[in-house]
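Please read these notes with the sequence and the model side by side. They deal with how the strands are arranged.

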Amino acid sequence: MTNLSFHACYPNRHVRTSSDLLTSQGKYIASVTYEVEKSDEDWRRQLEPDRYAVLRKAATEAPFTGSLLHVDANGVFSCAGCGQHLFTSAQKFDSGTGWPSFDACEPGTIIEREDRSLFRRRTEILCSRCGGHLGHVFDDGPTPTGLRYCVNSLAIEFDVEET
Ligand SMILES: [Zn+2]
């Protein structure tokens, strides 16, 4: 893990409603009911090992290795676990961090949860449909939204928009 300086930025904003809801229900993925529910064994069968590690075990891909980092075509980014549309290419920007970054998400598609791992307080982002780990969101975005959704390429898939 490089980029510690980036990840050291603590979000000041209060956790949003969805996150409060999760907190009241317990902090683990397994304690929340999602539209797409599968056993760990089924996820392991469905996903390639590196995607499984990110989506189901919250692993982080090495920076500057993701296949979608430099994609700048028009299109849609979907959850690699369940296919839910999460981001559009219009929301993507180059953050220089080494991970695909977005300044907004499609409404209702992402759940935020406080992440205290690695001795830092961060806000984890999960797919609202299957609970898959996507990455983290930070408050240091350069665009008017002020947000930087830092997403693992392995957690998402890209479909070019047909024109
Ligand atoms: Zn999903």
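The points below take the two sheets in turn and then one residue.

1. This is a predicted model, in which local features need pLDDT of at least 70 and side-chain atom pairs count only at pLDDT 80 or more, while totals for chains, interfaces and linings use all residues. Residues are numbered from 1 along each chain as its sequence is written.

2. One open sheet has 6 strands in the order 3-4-8-7-6-5, and its pairing is antiparallel. Strands here are DSSP runs of E with at least two residues, numbered from the N terminus, and two of them pair if DSSP finds at least two bridges between them. Strand 3 (92-93) and strand 5 (110-115) each have a single partner strand, so they stand at the edges with one side lacking a neighbour in the sheet.

3. Strand 3 runs antiparallel to strand 4 (residues 101-102), and 2 bridges join them. F93 has S101 of strand 4 as its bridge partner.

4. Another open sheet has 3 strands, ordered 2-1-9, again with antiparallel pairing. Its edge strands, strand 2 (85-88) and strand 9 (156-160), pair on one side only. From one strand to the next, the twist averages 30° (axes are lines fitted to C-alpha atoms, and angles run from 0 to 180 degrees between N-to-C directions).

5. Strand 1 (residues 75-79) pairs with strand 2 in the antiparallel sense over 3 bridges. The bridge partner of S78 in strand 2 is H85.

6. Is T88, a residue of strand 2, buried, exposed or partly exposed? T88 counts as partly exposed because it has 16 C-beta neighbours inside 10 Å; a residue is buried with 20 or more other C-beta atoms within 10 Å of its own, exposed with 12 or fewer, and partly exposed in between, with C-beta atoms placed from the backbone. T88 lies 8.6 Å from F102, C-alpha to C-alpha, and the two are 14 residues apart in sequence.

Terms used: Helices (H or I, at least four residues) and strands (E, at least two) are DSSP runs, numbered from the N terminus.
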